[in-house]
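Welcome! Let's take a friendly look at what sits around the ligands in this model.

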Amino acid sequence: MDEKTFARLDSKYKKKNEAYIKQFESDLLNGKASGKAGGGRRAVPMAKGKPKNMGASIRRLFSYMKKDTWKIVIVLILVLVYTASSLAGSYILRPVINSINGGNGTVATLASGITAMALIYAAGIVAQYIQQRIMIGISQNALASIRNELFEKISKLPLKYYDTNNHGDIMSRFTNDVDAVGNMLNNTIISLFSGAISLVGTLVLMFYTNVWLALITLVMAPVMMKAAQFVANKSRRYYKQQQAALGSLNGFIEETISGQKVVKVFNHEDASVDEFDYLNTDLRGKQLFAQFFGGIMGPVMGNLSQVSYSLTAMVGGILCVLRGFDIGGLTIFVNYSRHFSRPINEISMQMTEIFSALAGAERVFEVMDTDPETADAPDAKAPEHLTGSIVLENVTFGYEPNHTVLKNVSFYAKPGQKIALVGSTGAGKTTITNLITRFYDINEGSIKIDGVDIRDYKRDFLRKNIAMVLQDTHLFSGTVRENIRYGRLDATDEEVIEAAKLASAHSFIMRLENGYDTVLEGDGANLSQGQRQLLNIARAAISKAPILILDEATSSVDTRTERHIEQGMDRLMKERTTIVIAHRLSTVRNANAIIVLEHGEIIERGDHDELLAAGGRYYELYTGKTELD
Ligand SMILES: Nc1ncnc2c1ncn2[C@@H]1O[C@H](COP(=O)(O)OP(=O)(O)OP(=O)(O)O)[C@@H](O)[C@H]1O
Ligand SMILES: [Mg+2]
């Protein structure tokens, strides 16, 4: 990769990642999940300061295990059993060693001591196995709920969220981040708990065995903790960067795979390999640090605990020789001093997992806390039946705050009428349909259906009453039949066929290998663009909604088929209010009214003949005659 390319990519992603991390940190500090503008955002219950945020995330993770509370209690008891058994097991060593050391040990005392130890340890091992089994069940339950909640949330997010967030990054939250959380729930939490118990237990037993030695171990503890904290802080920071880099990489992969044709056509293979290379190298660098600081935790703690161990052995030896401290006591003490450092070790080694999991959890919660589409008003309406009259009054709208896309748009459609929206590319036609379906909410003015503001209807109800063929077709993996039935799930097979016939799709479907049972993969990659459109039309036709919106529905279909569809649709449209958007103006000739948009404003309206006679913009568009400007 040459320097120029590198510099370009570097500035592109550095800014992005930095912004991501900054946003993330500041949101957490301010107790917000996502700092994008917009009132009413639900604040995550997070207080100021880093550790508290961690605490809040942990608490929130725990809340997913609430329904397994009694299982957790059992797990905790089991952990208690096996931690206690490991402590008690070593304690038995003391009298055994002392009796042998004192010269009155027999094979029998040795045998009974060892048997007792074996039994206690065995009980501990059994408890540990059972605990593992239950805990994995608990954490899988929690993960399933998290995934469910995340997916539910994703279906409730406004379209705006998808406009402004990389799809690969959203997917990454679903996969990598949730996985990281899963790892933590499986192991780490139990280690933390058993570590804490064993820490306290060991400490008590150590003081009981020898106060002086216990004090030495205690003095070493803060040193070890400090070291752990230092490494952990570094590790947390790099983990966040790592997750951001991973998100970018996944986003890029997703984009490249779905846009492979375009990549090839524009010979962008090398450029996209370069970009990937950059992102990969970036991730490698971040991962290097993250893993390094996660990984050196173990060795650092190990070395420190060796120091503590040697100190104890030395002082303990001196005490034995000079102060008559029993050898059995020294043996178990040395044993305990290992016990003591082990939980600190274990916990600190798992910091890697904990931090990646918490960073992951925070990214997941960030999605969960994003404002969903505004909730329906408590008294939102959902009447039995709509006739389908539509009135737009002085509608003004912009996708972004300071950029109006539609200005003072007003028009109406009586029930059963066909209204056409025409105008050049980017004029705002699709935007109008986005507003009628409430994909976005208007800034000013009003949109009424059957005389009621659409914001006063239940959103589900509104959308159930609008059938739509989108400008960009989309098919799901599944059979042709399932894809058509998507428009109305209770439609019978006959109705599916009827709708397909209406959309002129029946004949090509019958030519497919398995007819209506042909499985479509990857957005219908095995169909032509026109065929995909026909299926989308059939899907809308099967719906019984009183309002039908066709956005460039037949743009990829040949003119003869288009006429067929039109005849079919005309039958259908008789009972429905239809809004048609088309660049091919022959298809809108018979509309009750044609509305010509330009730069978000209505510049002409009337029926075909009137507009042609007027000789304005419609005339230009229709005849292709335009004054060269
Ligand atoms: N999701 C979006 N976020 C921000 N701006 C958008 C978004 N969608 C469209 N726009 C802007 O709104 C304007 C109108 O777009 P719209 O899709 O309504 O045009 P259109 O009339 O349907 O054009 P076409 O004939 O090409 O389909 C355009 O200038 C576009 O840049
Ligand atoms: Mg459009």
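## The magnesium site

In this predicted model, the magnesium ion (ligand 2) is coordinated by two side-chain atoms, OG1 of Thr 430 and OE1 of Gln 471, at 1.9 to 2.3 Å. These two residues bring together distant parts of the chain, since they are 41 residues apart. Thr 430 belongs to helix H13, while Gln 471 sits in the loop between strand S6 (466–469) and strand S7 (478–479).

How accessible are these two residues? Thr 430 has a relative accessibility of 29%, so it counts as partly exposed. Gln 471 is also partly exposed, because its relative accessibility is 40%. For both, the class covers values between 20% and 50%.

## Who surrounds ligand 1?

Now move to ligand 1, which has 14 residues around it. The closest are Gly 426, Lys 429, Thr 430, Thr 431 and Gln 471. Thr 430 and Gln 471 are thus named here as well as at the magnesium ion.

Which helix gives the most to this shell? Helix H13 (residues 429–436) does, with three residues. Sorted by class, the shell holds seven polar, four nonpolar and three charged residues.

## Polar contacts and cover

Look next at the oxygen atoms of ligand 1. A backbone N or O atom of Lys 429 lies 2.8 Å from one oxygen atom of the ligand, and a backbone N or O atom of Gly 426 lies 2.9 Å from an oxygen atom. His 583 uses its side chain instead: one of its polar atoms there is 3.0 Å from an oxygen atom of ligand 1.

How much of ligand 1 does the protein cover? On its own, the ligand has 630 Å² of accessible area, and the protein covers 68% of that.

How values were computed:
Residues numbered from 1 in each chain as written. Chains lettered and ligands numbered in written order. Predicted model: local features only at pLDDT ≥ 70, side-chain atom pairs only at ≥ 80, totals over all residues. Heavy atoms only, no water. Near = heavy atom within 4 Å. Polar contact = N/O pair within 3.5 Å; in protein donor to acceptor, adjacent residues only side chain to side chain. Areas by Shrake-Rupley, 256 points an atom, 1.4 Å probe, with all protein chains shown as cover. Helix = DSSP H or I, 4+ residues; strand = E, 2+ residues; numbered from the N terminus. Nonpolar A, V, L, I, M, F, W, Y, C, P; charged D, E, K, R; others polar. Donors = N, O, S within 2.8 Å, 3.2 Å for Na, K, Ca; no water. Buried < 20%, exposed > 50% of the residue type's maximum accessible area, 1.4 Å probe, protein only.
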